[in-house]
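Some notes on this chain follow, set out as numbered points. They cover the overall make-up, one helix, the charged pairs and the aromatic rings.

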Amino acid sequence: MYEVSAVIVAAGESKRFGQNKVFLKVGEKYLVQYSLDVFAAVEEVKEIILVVRREFLELAESFKAIYPKITQVIEGGHERQDSVLHGLSCAKYPYVLIHDGARPNISVALINRVIQGFSSSDAVVPVIPVRDTLVYFEDQFFNKPINRDGLFAVQTPQGYKKSLILEALNKSDKNYTDESTLLFDTLGVRAKGVEGSFANFKITYPEDFELFQRILGGNMDLRVGIGFDSHRLERGRKLILGGVQVQSDFGAVAHSDGDCLVHAIIDALLGGTGQKDIGTQFPDTDPKYSGISSLKLLQEIWDGIRQQYEILNLDTVVKLEKPKIKDNVDEMKENIARILSIPLDRISIKAKTGEKIGPVGECLLIECEAVVLLRRRY
Ligand code: MG
């Protein structure tokens with residue numbers, strides 16, 4: 001497996017667009033977050049370096065809470081190449097992906113094709129054949145045709161062995177809009193082309209932005225998952241909920257850490273994606289899971305899902321007679337949001353008592369419910 005650093009360049013001036021587009025909001029998210037979501041979902045991507053203009057440094061820093069893979073947020077340079085160089089000089093891994101933050105409709109599959117290209121080349125770029133007829137125009141009139149045979153358009157992310165692209169960038173004294181051209185001109189190295197995607201278009205003009213908004217609105221491939229869990233309570237045990245140890249006289253009887261809330265969330269995720277339940281995935285007869293933090297189990301389950309789905313929202317209910325958990329809820333949400341890479345406002349944790357009757361009301365039982373709404377990625 002190749003371990004790669006991803007450098008997402010979002011420091012352009014957006015001259016043709018008229019305003020900085022990568023920090024425009026599309027739905028609830030900033031445009032650049034659509035790229036971040038997809039890169040964060042790729043297992044081989046071990047770190048993300050985000051290069052932005054100075055005025056967006058603070059906002060970009062705040063993304064670290066949502067995307068733990070972001071290791072550095074840095075200020076871009078004058079030219080695209082300076083920004084790329086700044087980003088690459090912080091990269092820790094031997095292979096890098098350089099992506100244009102203005103290509104939000106990137107897919108996990110395309111990123112994986114580029115990474116797979118490393119097995120045969122130290123420079124890999126996604127390309128698409130030119131579809132339209134190409135001609136030269138002069139003074140608004142047809143001048144002469146261009147033979148489009150063998151003509152391809154080059155996209156991002158572009159994959160490079162870090163030492164190779166750094167050598168080229170350091171040697172180059174011209175400005176390029178594309179690293180593969182720079183690499184060829186400077187070192188004579190020919191990048192390998194892999195299949196790009198017409199969907200991976202670059203937002204250059206306002207109408208591209210409108211097109212992307214329409215694409216998002218059109219993806220209604222939604223899945224809903226429901227999860228439920230209960231644990232017996234006993235005096236003197238620890239009570240862990242959402243990864244937080246809650247001050248309580250009673251705690252859950254369990255093989256793992258007994259985090260009833262996280263177990264319900266795991267089952268909602270498994271249910272929504274048509275998989276078998278938590279007990280099948282993590283048998284309580286397996287000593288490996290004895291006392292394990294349920295957040296680790298959540299991480300494992302989410303890692304298996306996130307390439308195919310994104311979470312639109314997660315709603316939960318904790319049924320517990322006492323203690324009151326309202327002071328712990330924020331920390332629980334932070335723990336869960338960090339693992340699922342979603343903003344806090346997409347998670348809800350609500351507490352209910354058993355009105356002093358029934359097993360919950362008599363402090364014999366804790367119950368949790370979770371509902372999750374997922375959207376399948378392209
Ligand atoms: Mg359980």
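1. Buried here means under 20% relative accessible area. By that cut-off, helix α1 (residues 31-40) is mostly covered, with 10 of its 10 residues buried. The buried residues of α1 are L31, V32, Q33, Y34, S35, L36, D37, V38, F39 and A40. The model is a predicted one, and the points below should be read with that in mind.

2. On the overall make-up, the chain has 12 helices and 19 strands. Its C-alpha atoms fill a box of roughly 85 × 40 × 40 Å along the principal axes. Of the 378 residues in the chain, 51% are buried.

3. The charged pairs come next. In the whole structure, 18 salt bridges are found. Side chains of opposite charge can pair when their charged atoms come close. One of the bridges involves helix α1, whose buried residues include D37: the side chains of D37 and K29 meet at 2.3 Å, N to O. Are these two partners buried or exposed? D37 has 11% relative accessibility and therefore counts as buried. K29 is buried as well, because its relative accessible area is 7%. The D37 and K29 residues also belong to a wider network of salt bridges, which links K29, D37, E310 and R375.

4. A second salt bridge joins the side chains of E47 and K92, at 3.3 Å, N to O. This pair links distant parts of the chain, 45 residues apart: E47 lies in strand β4 (residues 45-52), and K92 in the loop between α3 (80-88) and β6 (95-100). The partners differ in exposure. E47 has a relative accessible area of 1%, so E47 is buried, whereas K92 is at 55% relative accessibility and so counts as exposed.

5. The side chains of E61 and K64 form another salt bridge, at 3.2 Å, N to O. E61 counts as partly exposed because its relative accessibility is 36%. K64, at 29% relative accessibility, also counts as partly exposed.

6. Turning to the aromatic rings, the structure holds 11 aromatic pairs. In one of them, the rings of F23 and F63 have their centres 6.3 Å apart and their planes at 15°. Why is this pair called stacked? Planes under 30 degrees apart count as stacked, and the 15° between F23 and F63 therefore puts the pair in that class. The pair links distant parts of the chain, 40 residues apart: F23 is in the loop between β1 (4-10) and β2 (25-26), and F63 is in the loop between α2 (57-62) and β5 (70-75). Both F23 and F63 are buried.

7. F282 and Y289 form an aromatic pair that is edge-to-face, with 5.1 Å from centre to centre and 75° between the planes. F282 has 8% relative accessibility, so F282 counts as buried. Y289 counts as buried too, because its relative accessibility is 9%.

8. F23 and F63 also appear in an aromatic cluster, which is formed by F23, Y30, F56, F63 and Y67.

9. The last point concerns the surface. D327, D330, E331 and E334 form a negative surface patch. Of these, D327 is found in the loop between β17 (309-319) and α11 (329-340). With 71% relative accessibility, D327 therefore counts as exposed.

How values were computed. Residues are numbered from 1 along each chain as its sequence is written. This is a predicted model: local features need pLDDT of at least 70, side-chain atom pairs count only at pLDDT 80 or more; totals for chains, interfaces and linings use all residues. Side-chain values use heavy atoms; hydrogens and water are left out. Patches are made of residues with over 30% relative accessible area and no salt bridge: like charges are joined within 9 Å, nonpolar side chains (Val, Leu, Ile, Met, Phe, Trp, Tyr) within 5 Å. Accessible areas come from the Shrake-Rupley method with a 1.4 Å probe; for residues, only the protein chains shown count as cover. A salt bridge is a side-chain nitrogen of Lys or Arg within 4 Å of a carboxyl oxygen of Asp or Glu. Lys and Arg count as positive and Asp and Glu as negative; His and the chain ends are not counted. The place of a charge is taken as NZ of Lys, CZ of Arg, CG of Asp or CD of Glu. Helices (H or I, at least four residues) and strands (E, at least two) are DSSP runs, numbered from the N terminus. Buried means under 20% relative accessible area, exposed over 50%, partly exposed in between (1.4 Å probe, protein chains only). Rings of Phe, Tyr and Trp (its six-membered ring) pair if their centres lie within 6.5 Å; planes under 30 degrees apart count as stacked, over 60 as edge-to-face and the rest as tilted.
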